[in-house]
Amino acid sequence: MNKLKGLWDYRLKICFVFLIGLYGGIVDAALDHAYCSADADVLFRQCHAGVECDREITKSIGNAVRTFTSDKGCFGKFEQFESLESSYNPENASLADASRFLKQLKQPIIDLRDELSLAPAGEMSDALRFELHKTITVFESQDFSEETRNNGVFTVAYWHTAIGFGTANIGIGTANKLALIDLYEYLKAACLGKSSPSDDCLRRFDELRSTLRTTQTLRALFNYSSSFQVYLAEFYVERLLDEWRYYFEEARVQYPWELASDLDEVIDQTSTGLLRAPDSQTFWLHPTAALSYADGAEHGQQVRPTAILELYGKNYWDFDPLASKAKLDGHAWGWSLITNYTDIDGIDGSGVGVSVHYDHRYTVSITYHDDDEWVISLNFNPARYLQNLWKERKQKEVKRAKETGRELVDKIWEIRN
């Protein structure tokens, strides 16, 4: 019987402890909600008129900072970012997809900056305005080289709040101006020594709340977007447009039938996503002209004009993956199987051989003719001077990409202004 009574008493104690813990959790949750939604009055809830309450206020300030920065606190839920990293892959996206992704990721920064513009002046607000302005300016300049490193504007570390030993700083160890402001001390300086919040205490509490909401949002933004995926997306789109420009304007000029076959192949091989410019060319039935030299010809007849037909050939190059614009990684090289005709006394007019292309500009050919004669030729491509023949086709192929690029820029300026 005594054992049953002892067991009953033990269960009662467990239930009592559980109820106390549950009550404490409810109270803490209520206080957390108060910190999230109220002003500095919440810091003075335990104060009474005429009573020294610096200890209670100091404790409340610490609780407020932790609640503002906790992953489960006021600003720790970021459903709008959770699916972004998995929903966008630049290599399988259209220009419209990239535009939407950029707008979706950038919009929270714009919203935060606009909200902050209405806030009163203060050391913390001014520092936050400066950092947000720098973030957006660097974004729009597309000059990311110095801002994407471990402590750059677009990293989680830059917006992380480090808390410990009664101090808290944003972006500690980085160039963030907010790193110079201790969050606890910033509030204590205006709120301690009083039994109710002054105007300065109210303003600083609002600054702290606004700043930590902003930094938590930015930290989540860069975390969910693999820190810099948004900026790489815009870089990727601009880079693709420039690769198409390179293909049409700097690569070896093709005749309409060659151009059509290469572009059809690109379209057929790209089932989804952005159309990447080719990094090779095919030549077939490609007429060109040359100036030829035959050592075995009679004196005064060794150098003559020559007509060349490239029966089939290829041209290859690689783009530098680290360059912001379309730039070759090395040189472009190509070859063509050819036949030619040249009017040189003492040498059979027709020959067969090969051409070698270098950097799209220079082509040298060597052909074999009857009577064991070899002819060396320096080619001139008349197609380069006949680009107007397929100018309309070229413009049609790139028009859509260029228009989308302009729309992307216009949207950025629209958001900015």
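The side chains of Glu131 and Lys134 form a salt bridge, with an N to O distance of 3.5 Å. The structure described here is a predicted model. Both Glu131 and Lys134 belong to helix α6 (residues 123–141), where they stand three residues apart, about one turn of the helix. Glu131 counts as buried because its relative accessibility is 0%, and the cut-off for a buried residue is under 20%.

A second pair within a helix is found in α10 (residues 229–249), which holds both Glu243 and Arg239. These two residues are four apart in sequence, about one turn of the helix, and their side chains meet in a salt bridge at 2.9 Å, N to O. Glu243 and Arg239 are both buried. Shared partners also occur: Asp200, Arg203, Arg204 and Glu207 are joined by salt bridges into one network.

Over the whole structure, the search finds 14 salt bridges. One of the pairs consists of Arg219 and Asp71, whose closest N and O atoms are 3.4 Å apart. Arg219 is part of helix α9 (residues 199–224), whereas Asp71 sits in the loop between α2 (54–69) and α3 (79–82), so this salt bridge ties together parts that are 148 residues apart in sequence. The two partners can also be described by their exposure. Arg219, at 18% relative accessibility, counts as buried, while Asp71, at 55%, counts as exposed. Pairing of this kind is possible because side chains of opposite charge can pair when their charged atoms come close.

The loop that holds Asp71 lies between α2 and α3. Helix α2 has 16 residues, which at 1.5 Å a residue should span 22 Å. The C-alpha atoms at the ends of α2 are 23 Å apart, in agreement with the expected span. The buried residues of α2 are Ile57, Ser60, Ile61, Gly62, Ala64, Val65, Thr67, Phe68 and Thr69.

Charged residues also gather at the surface. Asp348, Asp370, Asp371 and Asp372 make up a patch of negative charge there. Among them, Asp370 is located in the loop between β7 (362–369) and β8 (373–380). Asp370 has a relative accessibility of 46% and therefore counts as partly exposed, since that class lies between the limits of 20% and 50%.

Key:
Residues are numbered from 1 along each chain as its sequence is written. This is a predicted model: local features need pLDDT of at least 70, side-chain atom pairs count only at pLDDT 80 or more; totals for chains, interfaces and linings use all residues. Side-chain values use heavy atoms; hydrogens and water are left out. Patches are made of residues with over 30% relative accessible area and no salt bridge: like charges are joined within 9 Å, nonpolar side chains (Val, Leu, Ile, Met, Phe, Trp, Tyr) within 5 Å. Accessible areas come from the Shrake-Rupley method with a 1.4 Å probe; for residues, only the protein chains shown count as cover. A salt bridge is a side-chain nitrogen of Lys or Arg within 4 Å of a carboxyl oxygen of Asp or Glu. Lys and Arg count as positive and Asp and Glu as negative; His and the chain ends are not counted. The place of a charge is taken as NZ of Lys, CZ of Arg, CG of Asp or CD of Glu. Buried means under 20% relative accessible area, exposed over 50%, partly exposed in between (1.4 Å probe, protein chains only). The expected span of a helix is 1.5 Å times one less than its number of residues.
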